[in-house]
Amino acid sequence: MVSTADPRTYDFVIAANRLPVDRHVSPDGTTTWKTSPGGLVTAMESVMHGREAAWVGWAGFPGEAPEPFDDDALRLHPVPLSAEELVDYYEGFSNDTLWPLYHDVIVPPTFHRSWWHTYQKVNDRFAAAIAEVAAEGATVWVHDYQLQLVPALLRDRRPDLRIGWFNHIPFPPVELFAQLPWRGLILRGLLGADFLGFQRPDDARNFMRSCRSVLGTTNRGDVVHWAGADDDRLGAAPRRARAAAVPISIDASGFEHLARSPEVRERAREIRESLGDPEVVLLGVDRLDYTKGIRHRLRAIGELFEDGEIAPPEVTFVQVATPSRERVEAYRTLREQIEGTVGRINGDFSHLGDTAIHYLHQSYGREEMAALFQVADVMLVTPLRDGMNLVAKEYVTARHDGGGALVLSEFTGAAEEMRSAYLCNPHDITGLKQTILRAIRDTPTAKKRRMSALRRRVRTHDVQRWADDFLRALAVAPGKPEKPTHTDGKDA
Ligand code: ADQ
């Protein structure tokens, strides 16, 4: 399968697993494309500054890819994936090998050589597609763990390009990363970039330690020096690459504008009323993923009901769990466990008309999300590990009234910046229960003080600043080594 030829080239190219559009086919067969409402699209729009740009990614359905097409100022360049490749590269290697490994091995990663072979093949296809649309000397921004080999594969084809890569998820400590049978080649793939951006300083440090221990690189400050390898495999040439934290954020002004609209405020009032006007609404909003700590959260909430510290109708908990990766076994098991627990808690503590837990396994539009956030007196963001967690940032942004309280896990990237939240360790169920009670019972003045600090942080560190910071770092990144030296790489 080859990518579709595109005669035009661009100075700025974004590459991500998915294109930022969803295909809609109407009953009469007409195809339309709708922009996905993600922060990444907004961020990219804000940095394009009238530049012509292309986005390389999968169009969202298996088989032949559509011809390249324009979406406003953006050229969309679809990369084809077959149904088998989706199973091996996306569901398999990306979501069942790398995802659990990079999230502290909360569930055991699965290692299959056939998945790895497909991952290499698909990464090569992405690199070929980017090489085709990138103009001479173009800037290329590669996103996320699905495309870790792309930087070196692309550099081999196009040494003229300036290549950046951003990791949306954590980068694990070397003690975990070293389990990966293909660890050396993944690191060599990444070192093809000029600049590597991570969510937290710890992620960048973990990456540099892995390079040192697995490849035998040296580093000066945050610049990794790779002396190259005596083989002709991926990324064998000497390189220098900078690794640093550039935490992602949200389109704060856009989301606040939406949250302030009369429609959203009216919808928030309606939701509260439909919940029976409780005194306290607790809210969780997550993709249904084992990293998000939903089971630990339910355990804490269940015990609080059991202890009589909270009870419906005064207190109710709303858990929105977005359907996610349902073809991966660990996700199906998780869903069964969560739904079983919700059923048990509701069986024990709900009364006719007074529900302890409202559980919604659905996706909603941005307006509905903004309204839900305004209803939440206490927002529970308690992942066991999370690259950043944008829900935390969206919640405080939606609370333009300065009300509400954010309970936030220490194990999220967001906790690095949002120190005024009610921070918690979600593994410590007793501590989590106490933190939730504190967030409910603190004085309004104490809560307002925290909320106003959180809001200020997100307002001044929004997604536009993230994209600007990343591209500035990429523009001045070191690139080629000053004096190429040649020593044998370890275990590459
Ligand atoms: P995710 O793991 O998907 O992203 P997150 O940062 O929480 O996690 O973003 C989820 C987004 O989906 C938010 O914008 C949220 O509002 C939205 N959402 C959640 N449930 C929804 C629902 N039911 N209906 C509609 N929208 C819903 C990965 C990493 C994160 C990192 C992001 C960005 O795992 O750590 O913050 O990328 O880098």
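Here is a quick tour of a predicted model, from its two domains to its ligand site and two backbone oddities. Local features need pLDDT of at least 70 and side-chain atom pairs count only at pLDDT 80 or more, while totals for chains, interfaces and linings use all residues. Residues are numbered from 1 along each chain as its sequence is written, and side-chain values use heavy atoms, with hydrogens and water left out.

Let's start with the domains. The chain is assigned domain 1 (10–248 + 468–475) and domain 2 (252–461); such bounds come from an automatic or database domain assignment. Taken over C-alpha atoms, the centres of domain 1 and domain 2 are 31 Å apart. Where they meet, 20 residues of domain 1 are in contact with 20 residues of domain 2 (contact means heavy atoms within 4.5 Å). About 1700 Å² is buried between domain 1 and domain 2, and carbon and sulfur atoms give 61% of that. Of the area that domain 1 buries against domain 2, W99, I106 and R200 supply 32%, more than any other three residues. Buried area here is the accessible area (1.4 Å probe) that two parts lose on being put together, summed over both.

Now for the ligand. It is surrounded by 21 residues, and the closest are H168, T322, Y364, D386 and E394; to qualify, a residue needs a heavy atom within 4 Å of the molecule. Both domain 1 and domain 2 put at least three residues into this shell. β13 (280–287), β14 (315–322), α12 (366–375) and α13 (390–398) each bring at least two, with α13 giving the most, 3 residues. Helices (H or I, at least four residues) and strands (E, at least two) are DSSP runs, numbered from the N terminus.

Here are some polar contacts to the ligand, meaning pairs of N or O atoms within 3.5 Å:

| Ligand atom | Protein partner | Distance |
|---|---|---|
| oxygen | R287, side-chain N or O | 2.9 Å |
| nitrogen | Q362, polar backbone atom | 2.8 Å |
| oxygen | E394, side-chain N or O | 2.5 Å |

On its own, the ligand has 720 Å² of accessible area, and the protein covers 84% of it (Shrake-Rupley method, 1.4 Å probe).

Finally, the backbone. Most residues other than glycine have a negative phi, and most peptide bonds are trans. P312 and P313 are joined by a cis peptide bond, with omega at about 10°, and P313 sits in the loop between α10 (294–306) and β14. D144 is not a glycine, yet has a positive phi of about 80°; D144 lies in the loop between β7 (134–143) and α4 (150–157).

Key: Polar contact = N/O pair within 3.5 Å; in protein donor to acceptor, adjacent residues only side chain to side chain.
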